[in-house]
Amino acid sequence: SFSSCNIADPSAVEQLIAQHTDLRGVFHLAGAASMTPLAKLTSERLEQEMSAKVEGAWNLHRALERHEVPIETFVLYGSIAGFWGAGGQLAY
């Protein structure tokens, strides 16, 4: 089945995992991007962009561990732009 929530919100992730303790795989496909040129990229903007990815992955890990969900697959995917670049999407 497919489920979603605000992955950067630990309580939302807890609630989601509590409802799905029969999981065998998790695919975290974080996507929160904005068009920001390098000259205007601030540490605050970078932190905001990365929260869905990094905090989300950590929230998932902690909730799965707390509920002792025996997953077989845990996939984290950000973006292919990290390999080949994308204009204006430096933080992504």
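Which residues are buried in helix 2? In this predicted model, the buried residues of helix 2 are E49, S51, A52, K53, G56, A57, N59, L60, A63 and L64. They pack against helix 1, strand 1 and strand 2. Helix 2 is not straight throughout, with a bend of about 50 degrees at M50.

Part of this buried set belongs to the largest nonpolar core, which consists of 9 residues: I7, V13, I17, V26, A52, L60, A63, L64 and V69. Two or more residues of this core come from each of helix 1 (10–19) and helix 2. The most is given by helix 2, with 4 residues. In soluble globular proteins, nonpolar side chains tend to be buried together. Within the core, L60 is in contact with I7, V13, I17 and V26, and its contacts also include H28 and F74, with neighbours within four places in sequence left aside.

Strand 1 and strand 2 pair in the parallel sense, over 5 bridges. In this pairing, V26 stands opposite F74 of strand 2. The covered face of strand 1 holds V26 and H28, whereas G25, F27 and L29 make up the uncovered face. Such a pattern may be set beside a general rule: in a regular strand the side chains alternate between the two faces of the sheet.

H28 lies in strand 1, which spans residues 25–29. With a relative accessible area of 7%, H28 is buried because this value falls under the 20% cut-off. Residues up to four places away in sequence not being counted, H28 touches I7, A52, K53, G56, A57, L60, V75, L76 and Y77. Among these, A52, K53, G56, A57 and L60 are also buried residues of helix 2. A polar atom of the H28 side chain lies 3.3 Å from the backbone oxygen of K53.

The residue E68 is placed in the loop between helix 2 (43–66) and strand 2 (73–77). Its relative accessibility is 68%, so E68 counts as exposed, the cut-off being over 50%. Just after helix 2, E68 adopts a positive phi of about 50 degrees. Most residues other than glycine have a negative phi. E68 is a residue other than glycine, and its phi is nonetheless positive.

Notes
Residues numbered from 1 in each chain as written. Predicted model: local features only at pLDDT ≥ 70, side-chain atom pairs only at ≥ 80, totals over all residues. Heavy atoms only, no water. Buried < 20%, exposed > 50% of the residue type's maximum accessible area, 1.4 Å probe, protein only. Polar contact = N/O pair within 3.5 Å; in protein donor to acceptor, adjacent residues only side chain to side chain. Contact = heavy atoms within 4.5 Å. Core = buried A, V, L, I, M, F, W, Y, C linked by side-chain atoms within 4.5 Å. Bend = angle between axes of the 7 residues up to and from the residue. Pairing = 2+ DSSP bridges.
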